[in-house]
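Reader: I would like to learn how to read backbone angles, burial and contacts in a model. Could you take me through some cases one by one?

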Amino acid sequence: MDTYSHIDNLTRHIDLVREACYLLGTRLIKNNQEVIGRELIARGYCHDNSKFSGIEWDYLHQGPNVSKEMLDAAIKEHQSTNDHHPEFWTGIENMPEVALAECVCDWYARSQEFGTSLRDWIDEEASTKYNFTKKCKTYKLIKKFVDILLEKKKKK
């Protein structure tokens, strides 16, 4: 992938996440959760900045010509340096609330990019990948963030 396309894909993703962080953050603030709302909005402005350099720049978003070994190394580097990924922690249940909120915004952005259902992906794939059930505290928090993020704007 050429540099322009790489930058375009990366910045579009970051913009989607930033917009989701802003939307969820402002709605949390309106729901009397000012601290997490403000922190989430701030996190949206530095989301995935590590992808602009090093192994992440060299091997993420490069298309099918990248070796699996180098792609896996770049993904591991990204996940181990960005705390909005469950892999950063010793389990999704150990994520701080604001990191989990940013994670949901990241998942939301990916669902928009791929034209898929965020709720279905969480229920069918994320729950297995990250080993949580609909009865656990983590799922309930994820669901709360998704519900707030996806709520329709009320007509006046």
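Author: What follows takes up a few residues in turn, in a model that is predicted.

Reader: Which residue other than glycine, in the loop between α2 (34-44) and α3 (54-59), has a positive phi?

Author: The residue is Asp48, whose phi is near 60 degrees, and its place is in the loop that joins α2 (34-44) to α3 (54-59).

Reader: Is Asp48 buried or exposed?

Author: The general idea is that a residue is called buried when its relative accessible area is under 20%. Asp48 has a relative accessibility of 1%, and therefore counts as buried.

Reader: How should I read Asn131, and where does Asn131 lie?

Author: Asn131 lies in the loop between α6 (118-129) and α7 (137-150), and its phi, near 55 degrees, is again a positive value in a residue other than glycine. For accessibility the cut-off to keep in mind is that exposed means over 50%; Asn131 has a relative accessible area of 69%, so Asn131 is exposed.

Reader: What is Ala74 in contact with, leaving aside its neighbours within four places in sequence?

Author: Contact is a matter of heavy atoms within 4.5 Å. With those sequence neighbours left aside, Ala74, which lies in helix α4 (residues 68-81), is in contact with Ile55, Glu56, Tyr59 and Leu60. Ala74 counts as buried because its relative accessibility is 0%.

Reader: How many Å separate the C-alpha atoms of Ala74 and Asp15?

Author: The separation between these C-alpha atoms is 21 Å, for two residues that stand 59 residues apart along the chain.

Note on methods: Residues numbered from 1 in each chain as written. Predicted model: local features only at pLDDT ≥ 70, side-chain atom pairs only at ≥ 80, totals over all residues. Heavy atoms only, no water. Helix = DSSP H or I, 4+ residues; strand = E, 2+ residues; numbered from the N terminus. Buried < 20%, exposed > 50% of the residue type's maximum accessible area, 1.4 Å probe, protein only.
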